[in-house]
Amino acid sequence: MNSSTRIILRDLGRVLHVPGLMALASLPICYLFQEYYAIWPFVWTALIALVVGQLLYRVFQCSDEAYLDQAMVIAALSWICVSLLGALPFMLIAANLTEQPQVSQTVQAFRQPWNALFESFSGFTATGLTVALDPSALPRSLQWWRSFTEWIGGAGIIVLILSVVGSTSGIFRLYFSEARTDRLAPSVSSTVRTIWWIYLLFTILGVLLLRLTGVPWWEALNHGMTGIATGGFDITGTSVARYDERSRAVVILVMILGAISFSVHYHVLVRRQIPNLWRDAQQRVFWVFLLLGPLV
């Protein structure tokens, strides 16, 4: 096996740890809402992702760095493989629930692999399209998983994995392979960590503001996560139509924050360079369209 293939499989193994850790992080939701039937689906997802990820990383471990063409392949394979693993909780939880009486059609639909794959790909790419007929009919564990995949996808799988590995030129190529060019700090690893704290800050801000306007905690958490990702997965079945004007204004604010680049946020928050919000030509076009859209 040539070195190029080894590099691709090694770094793909690194990325596969992401859905595994996400599944483990979702277990408290199962206990909190007493949805014990969802525990093993998340455990199996974590086991498959972590075991395969560790095998790839250790078997093909090497000291060579990824070049741009290899990084592009790694990024493409990562989105595919992570989304495939992300479909497992949908299918497995739906399979467990269909044995119970009075199961909704929304849950039953996820027994079909294509529906589960569609939802997972939509989440991890932060697209927001859904096959869920009524998201409010889903168990809390799947509502959470949909929001979690979209929240992670909003920041980027590669950004997440790069935040915990060292800074090398190969990592920069992997970062660049996702069409990211912002350098907010001296190294790429410190840059992605900066991206994460900004992302977390705005997520927490969105959740708290939604709660202050009267949105229940569970809805505020999920809609805060999907709003900042600008994907818009919903758990009510009516999007934000059930909320009052204050809550909708908060959602609009969260979506705007999610649409502005991390580079602009960094310069405004850290360097206090507020004119950066409209100094760049791209930002000016963004504000023009944002103001003209409602008028049109």
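The protein contains 16 helices and zero strands, as seen in a model that is predicted. Its C-alpha atoms, taken along the principal axes, fill a box of roughly 55 × 50 × 30 Å. The radius of gyration is 20 Å, which agrees with the value near 19 Å that a compact globule of 296 residues would have. Of these 296 residues, 50% are buried. When contacts are restricted to residues at least 6 apart in sequence, 70% of them join residues that lie at least 24 apart.

One helix pair was examined in detail, namely helix α2, spanning residues 17-25, and helix α8, spanning residues 140-155, which pack with their axes 11 Å apart and at an angle of about 140°. The two helices are therefore oblique to each other, because an angle counts as roughly antiparallel when it is over 145 degrees and as oblique when it falls outside the roughly parallel, perpendicular and antiparallel ranges. The crossing in which α2 passes α8 is right-handed.

The contact between the two helices is formed on the α2 side by V18, P19, M22, A23 and A25, which meet W145, F148, T149 and I152 of α8. Classified by residue type, this contact of α2 with α8 comprises eight nonpolar residues and one polar residue, with no charged residues.

Key:
Residues are numbered from 1 along each chain as its sequence is written. This is a predicted model: local features need pLDDT of at least 70, side-chain atom pairs count only at pLDDT 80 or more; totals for chains, interfaces and linings use all residues. Side-chain values use heavy atoms; hydrogens and water are left out. Axes are lines fitted to C-alpha atoms, for helices over the stretch in contact, and angles run from 0 to 180 degrees between N-to-C directions. Helices (H or I, at least four residues) and strands (E, at least two) are DSSP runs, numbered from the N terminus. Angles under 35 degrees count as roughly parallel, over 145 as roughly antiparallel, 65 to 115 as roughly perpendicular and the rest as oblique. A crossing is left-handed if the near helix is turned anticlockwise from the far one by less than a right angle, and right-handed if clockwise. Contact means heavy atoms within 4.5 Å. Ala, Val, Leu, Ile, Met, Phe, Trp, Tyr, Cys and Pro count as nonpolar, Asp, Glu, Lys and Arg as charged, and the others, Gly among them, as polar. The radius of gyration is taken over C-alpha atoms; the globule rule is 2.2 Å times the number of residues to the power 0.38. Buried means under 20% relative accessible area, exposed over 50%, partly exposed in between (1.4 Å probe, protein chains only).
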